[in-house]
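Student: I have a model open and would like to learn how to read it. Could we start with a single residue and work outwards?

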Amino acid sequence: METLANLESFVRSAELGSFSSAARRLGLTPAAVSRNVATLESNLKLRLFQRSTRSLMLTEAGERFLHSVRGHLESLQGAIAEASNEQAEPAGVLRLSMSPTFGIEYILPKLPEFMSRYPLIRPEWMFENRQVDLIAEGYDAAIGGGFELKPGIIAKTLASAHIIAVASPSYMQDRVPPHDPSGLTNLDGVVMRSLRTGRIRQWQMRNVAGEEQAAALKERIVVNDPAAMRSAAVLGLGVAMIAKPDAFPYLENGELIRLIPAWYADAGPISIYYANRTLLPTKTRVFVDFIGEVFQRERWPERFAGTLG
């Protein structure tokens, strides 16, 4: 009878293409994963992988074995998780990835409440402007937008990510406010160059009537971070196109004003991403539920909507 550890090491190595990636996902060392797979091969008297210094590929026998055991392994893991979740208090390290601006301003302030509810969970939160690979990098969840939905990953929509045009009152003091996106061409733009593509991000704006226009800002200042765009706008350096959640506190305190308030750009949803529900650890499940509760309680879906001028 094979151990669950041997089977899981094999399946994750096959899915992720390396012992190192499987080790990160399983919380083991690459040597331990390799040893588990070698033990499985020895017991089955089959070579499951073709190994080289640069690649790990399934043999024909390995392909057949993976097809046979994958579904049964997940069912067994789900049964074990369900049985243990009924008894155990949520505990363990919760690895989360989210953008610095949104995470620090909105999610981090809710951490005391979460830790008070679940004192045995130890947060390990990464604030980073990139789309992580949850499975390969060993994250329990991520909050953001635009993540590739790989097999086994679920996205739960939390709110819309709407982009709005903002500037400081001092910058607009002697200028005529534009009536629609075409008028932004006459103003200095604080724009962002994508680290991933190297391009300046362009936005197509719309209004509630369904009309669309391009927001063609002059590239007066170029930065590579949304928080820097916002800070430059607060300093009176020009107009920035930023997510409404990033602008919201500054709109409330008057440091920024919204231009063409009937217009917005849609950047897709803000979502929380996590692994397949049937294998979800208790620590992740309670966090997903907690974040959903917070978004509704704080009325963030409504307050973050660019449709509300």
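Tutor: Happily! Keep in mind that this is a predicted model. Let's begin with Asn36, which touches Ala5, Asn6, Ser9 and Leu28, leaving aside residues up to four places away in sequence.

Student: Where does Asn36 lie?

Tutor: Asn36 is part of helix α3, residues 30-44.

Student: And why does Asn36 count as buried?

Tutor: Buried means under 20% relative accessible area. Asn36 has 15% relative accessibility, so it counts as buried.

Student: Now a whole helix, please. Which residues of α9 are buried?

Tutor: In α9, residues 226-234, the buried ones are Met229, Arg230, Ala232 and Ala233. Looking down the axis of α9, these buried residues fall within an arc of 160°, so they line one face of the helix.

Student: What covers the buried residues of α9?

Tutor: The cover includes the helices α5 (100-107) and α10 (244-253), along with the strands β6 (153-167), β7 (188-192), β10 (218-223) and β11 (239-243).

Student: What should I look for at the ends of α9?

Tutor: At its start, a side-chain oxygen of Asp225 comes to within 2.8 Å of the backbone nitrogen of Ala227. After α9 comes Gly236, with a positive phi near 85°.

Student: Stepping back, how many helices and strands does the protein have?

Tutor: The protein has 12 helices and 13 strands. Of its 309 residues, 44% are buried. Among contacts with a separation of 6 or more, 74% are between residues 24 or more positions apart.

Note on methods. Residues are numbered from 1 along each chain as its sequence is written. This is a predicted model: local features need pLDDT of at least 70, side-chain atom pairs count only at pLDDT 80 or more; totals for chains, interfaces and linings use all residues. Side-chain values use heavy atoms; hydrogens and water are left out. Helices (H or I, at least four residues) and strands (E, at least two) are DSSP runs, numbered from the N terminus. Buried means under 20% relative accessible area, exposed over 50%, partly exposed in between (1.4 Å probe, protein chains only). Contact means heavy atoms within 4.5 Å. The arc is that of the directions from the helix axis to the C-beta atoms. A polar contact is a pair of N or O atoms within 3.5 Å; within protein, one must be able to donate a hydrogen and the other to accept it, and residues adjacent in sequence count only if both atoms are side-chain atoms.
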